[in-house]
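Colleague: I'm new to this one, so could you walk me through the terms as we go? I'd like to hear how each label is earned.

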Amino acid sequence: MKLKSQDNLVLFAVAACAAALEALIVSLWAAGGPGGAFLLGMDRFLILSHAYLFAACAAIYLMGRRIIRPIDAILEGITLYGQGRLTHRIPHSKIQELDELARNLNRMAARLGEVDAMKNDLVANVSHELRSPLSAMESYVKLLLEEEGFSKRARENLRRVDGNLVRLRLMVEELLDAAQIESKTLKLETHTLDLCRLLRDVVSLYEPLAAEHGLRFELLPCEKGLTLFADPAKVRQVLGNLLDNAVKYNRPGGSIAISAKPEGSAMSISVRDSGGGIPAHLLDSIFERFRRLPPTPGTAKVRGAGLGLAISRGLAHAMGGTVRVRSEEGVGSTFELILPAGGEP
Ligand SMILES: Nc1ncnc2c1ncn2[C@@H]1O[C@H](COP(=O)(O)OP(=O)(O)OP(=O)(O)O)[C@@H](O)[C@H]1O
Ligand SMILES: [Mg+2]
């Protein structure tokens, strides 16, 4: 059985009190000889021993609490730092060594916070600077592809360059989003959106991709008048990530269904796939940055940076919602985007 420090403290106090009582009896016995209790008088002996026992218990308990409280605070601080909550500060202690330890841990967390902010700035600046030349290169390659006179082979190569430029630009944009979400500098343009229209747009964009992979893709009936209060570009981005995954991690001949329904004062948009599913113990970890599940025979060749879901959840949180998942191995997964409902369309 694992005991908490408070339980340990009580046990410690009880054990120490028993030892103190024994010491008292022995010392009285030693002072007065074998009949010490009788020499003092039985009533005085009992009063004295009880008072001594009570004082010893109280002193031991208070001393123990003084030591254990700051240790608990330090343990809590270390746990929070491990979870990335680097703005937490461990309270000072009256015990010099523990106070020194708390101060050093606080200094370490502050320094880690600075390094983290520097890393975010670097990623944000580099990806921001890379975006413009990449977009320009993409446009030039697209212009070249519109021209006549290229051999079939040259055209094929240009298409490959175009495809890779698009991938690179999307990756750079994802990195920029991730840095902005983390540094809380993401700018949103939120307003009321017609949910069914938005879903129809997204579906028409992803239908060709699903068809290319031989997947059935359906938009379940959408109740008219449903609205969202969100940034349309960011909602498309999140749904794009979820649909991209539903295509990538599906099985041959599988299906994807997208649907929407009200959920209290929010809206829930579900993307259900018939892929291999995700083991229950890994469901939380897929939202961590750069986290990809161990490849299975069906997913070994699937490419990805492991950023899509982390960014999607970050964007949903920034808009006052979240992304959650249910999954059954061998049956498929359902990702749900929850966002605040809007007013009248
Ligand atoms: N629908 C799904 N079915 C099964 N596994 C999934 C599904 N969606 C995500 N995963 C697992 O979660 C991991 C993280 O997904 P995420 O979208 O963050 O990254 P990615 O798809 O690998 O890369 P990218 O940054 O290009 O999106 C994936 O690598 C995959 O292992
Ligand atoms: Mg993905």
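Colleague: Why is Cys-196 called buried?

Modeller: Cys-196 has a relative accessible area of 5%. Buried means under 20%, exposed means over 50%, and partly exposed is in between (1.4 Å probe, protein chains only). With 5%, Cys-196 falls under the cut-off, so it counts as buried. Before we go on: this is a predicted model, where local features need pLDDT of at least 70 and side-chain atom pairs count only at pLDDT 80 or more, while totals for chains, interfaces and linings use all residues. Residues are numbered from 1 along each chain as its sequence is written, chains are lettered from A and ligands numbered from 1 in the order in which they are written, and side-chain values use heavy atoms, with hydrogens and water left out.

Colleague: Good. How do you know that Cys-196 and Cys-222 form a disulfide?

Modeller: Their sulfur atoms are 2.0 Å apart. A disulfide is a pair of cysteine sulfur atoms within 2.5 Å, so this pair passes. The structure holds one disulfide. The link of Cys-196 and Cys-222 is left-handed, with -80 degrees about the S-S bond. It joins distant parts of the chain, 26 residues apart: Cys-196 sits in helix H6 (residues 195-212), and Cys-222 in the loop between strand E2 (216-219) and strand E3 (227-230). By the way, helices (H or I, at least four residues) and strands (E, at least two) are DSSP runs, numbered from the N terminus.

Colleague: Is Glu-156 buried, exposed or partly exposed, and what makes it so?

Modeller: Glu-156 has 36% relative accessibility. That value is between the two cut-offs, so Glu-156 is partly exposed. Its place is in helix H5 (residues 152-182). Its C-alpha is 9.5 Å from that of Leu-145, eleven residues away in sequence.

Colleague: And Lys-184, buried or exposed?

Modeller: Lys-184 is exposed, because its relative accessible area of 75% is over the 50% mark. You'll find Lys-184 in the loop between H5 and strand E1 (191-194).

Colleague: What is notable about the phi of Lys-184?

Modeller: Lys-184 has a positive phi of about 55 degrees, although it is not a glycine. Most residues other than glycine have a negative phi. Phe-290 does likewise, with a positive phi of about 65 degrees, and it is not a glycine either. Phe-290 is in the loop between E5 and H8, and at 53% relative accessibility it counts as exposed.

Colleague: Over to ligand 1. Which residues are the closest to ligand 1?

Modeller: Asn-245, Asp-273, Arg-292, Leu-307 and Leu-309, out of 18 residues that surround ligand 1. A residue is near a molecule if one of its heavy atoms lies within 4 Å of it. The shell divides into eight nonpolar, five polar and five charged residues. Here Ala, Val, Leu, Ile, Met, Phe, Trp, Tyr, Cys and Pro count as nonpolar, Asp, Glu, Lys and Arg as charged, and the others, Gly among them, as polar. Helix H7 (232-248), helix H8 (308-318) and strand E7 (332-340) each supply at least two residues of that shell.

Colleague: How do you know that Asn-245 makes a polar contact with ligand 1?

Modeller: An oxygen atom of ligand 1 is 2.8 Å from an N or O atom in the side chain of Asn-245. A polar contact is a pair of N or O atoms within 3.5 Å (within protein, one must be able to donate a hydrogen and the other to accept it, and residues adjacent in sequence count only if both atoms are side-chain atoms), so the pair with Asn-245 qualifies. An oxygen atom of ligand 1 also lies 2.9 Å from a polar backbone atom of Leu-307. Taken alone, ligand 1 exposes 600 Å², and the protein buries 93% of that. Those areas come from the Shrake-Rupley method with a 1.4 Å probe; for residues, only the protein chains shown count as cover.

Colleague: Last one: what makes Val-271 buried?

Modeller: Its relative accessible area is 1%, under the 20% limit, so the label fits. Val-271 lies in strand E5, and its C-alpha is separated by 4.6 Å from that of Ile-258, 13 residues apart along the chain. Ser-268, also found in strand E5, is buried as well, with 0%.
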